[in-house]
Amino acid sequence: MGTAFTLDPRLAADTLPVAQLDLCDVRLMNDTRFGWLVLVPRRVALEEIFDLDAGARVRLLAEMDQTAAALRAQLPCDKLNVGTLGNIVRQLHLHIVARRVGDAAWPGPVWGHGARVPYTLAAGRALCTALRARLVASTE
């Protein structure tokens, strides 16, 4: 009847898996310059928040709050940037970026700024594990 959810290949290539919440996959942008999480609702053929039904929109906001709190607790920051651009990757996804005064793109946007600096395998795994633990703790 329906098609199964599939993560856009570009999101899969640019991010590391952190956790699955009720609605969204939480993924870490593989760029050490910024604490940057991406929420991807596990729904087929969505491009806009408005494509979600009302209940799922409420769930998305709750998961955004939960994820932002975990990110801020793990990587203290001066400002959290939240956005859904979708100009390159059309699949609905929400960015939550922990910004610090003086970071590599401050005060401008992180998109398209400089070359990505990937995590080492060990550092990426460690950060994903720590973030996952904070997300799990926030649901208990």
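Where along the chain is T15 found? It is in strand β1, which covers residues 15-20. Before going further, bear in mind that this is a predicted model. Below is a quick tour that takes in a helix, a pocket, two unusual spots in the backbone and a handful of residues worth a look.

**Helix α2**

- Helix α2 runs over residues 54-74, so to speak a stretch of 21 residues.
- From the first C-alpha of α2 to the last, the helix reaches 30 Å, close to the 30 Å expected at 1.5 Å a residue.
- At the start of α2, look for D53: one of its side-chain oxygens comes to within 3.1 Å of the backbone nitrogen of G55.
- The buried residues of α2 are A56, L60, E63, M64, Q66, T67, A68, A70 and L71.
- What do these buried residues pack against? Four strands are listed by name, β2 (24-29), β3 (35-41), β4 (79-83) and β5 (94-99), along with helix α3 (121-139).

**Q66 and T139**

- Q66 sits in helix α2, and it counts as buried because its relative accessibility is 13%, under the 20% cut-off.
- Setting aside neighbours within four places in sequence, Q66 is in contact with L21, R59, L135, S138 and T139.
- T139, one of those contacts of Q66, belongs to helix α3.
- Is T139 buried or exposed? T139 counts as exposed, with a relative accessibility of 54%.
- Pick out T129 as well: 10 residues separate T139 and T129 along the chain, and their C-alpha atoms are 16 Å apart.

**T15 and L28**

- T15, in strand β1, is buried, with a relative accessible area of just 4%.
- The side chain of T15 has a polar atom 2.5 Å from the backbone oxygen of L11.
- That side chain of T15 also makes a polar contact with the side chain of R27, again listed at 2.5 Å.
- Leaving out neighbours within four places in sequence, T15 is in contact with R27, L28, M29, N30 and V38.
- L28, which is among the contacts of T15, lies in strand β2.
- Why does L28 count as buried? Its relative accessibility is 0%, and anything under 20% is classed as buried, so L28 qualifies.
- L28 has a long list of contacts beyond four places in sequence, including D14, T15, L16, W36, Y119 and C128.
- L28 and T67 are 39 residues apart along the chain, and 11 Å separates their C-alpha atoms.

**The largest pocket**

- The largest pocket has a volume of about 480 Å³.
- Its lining is made up of 20 residues, and R10, D14, M29, W36 and W111 are the ones that lie nearest the centre.
- Which helix gives the most to this lining? That would be α1 (residues 9-14), with 3 residues.
- By type, the lining of the largest pocket splits into 8 nonpolar, 7 polar and 5 charged residues.

**Two unusual backbone spots**

- Most residues other than glycine have a negative phi, and most peptide bonds are trans.
- Against that background, A45 has a positive phi of about 60° although it is not a glycine.
- A45 is placed in the loop between β3 and α2, and it is exposed, with a relative accessible area of 72%.
- The peptide bond from W106 to P107 is cis, with omega near -5°.
- P107 is found in the loop between β5 and α3.

**L46, in a loop**

- L46 is in the loop between β3 and α2.
- At 12% relative accessibility, L46 is buried, because the cut-off for that label is under 20%.
- Not counting residues up to four places away in sequence, L46 touches P41, D51, L52, R90, Q91 and L92.
- One of those, R90, is 44 residues from L46 along the chain, yet the two C-alpha atoms are separated by 8.1 Å.

Notes. Residues are numbered from 1 along each chain as its sequence is written. This is a predicted model: local features need pLDDT of at least 70, side-chain atom pairs count only at pLDDT 80 or more; totals for chains, interfaces and linings use all residues. Side-chain values use heavy atoms; hydrogens and water are left out. Helices (H or I, at least four residues) and strands (E, at least two) are DSSP runs, numbered from the N terminus. The expected span of a helix is 1.5 Å times one less than its number of residues. Buried means under 20% relative accessible area, exposed over 50%, partly exposed in between (1.4 Å probe, protein chains only). Contact means heavy atoms within 4.5 Å. A polar contact is a pair of N or O atoms within 3.5 Å; within protein, one must be able to donate a hydrogen and the other to accept it, and residues adjacent in sequence count only if both atoms are side-chain atoms. On a 1 Å grid over the protein atoms alone, a cavity is a set of points where a 1.4 Å probe fits but cannot get out, and a pocket is an open set with protein on both sides within 12 Å along at least five of seven lines; lining residues have an atom within 4 Å of a point. Grid points are joined across faces, edges and corners, and a volume is the space filled by probe spheres set on the points. Ala, Val, Leu, Ile, Met, Phe, Trp, Tyr, Cys and Pro count as nonpolar, Asp, Glu, Lys and Arg as charged, and the others, Gly among them, as polar.
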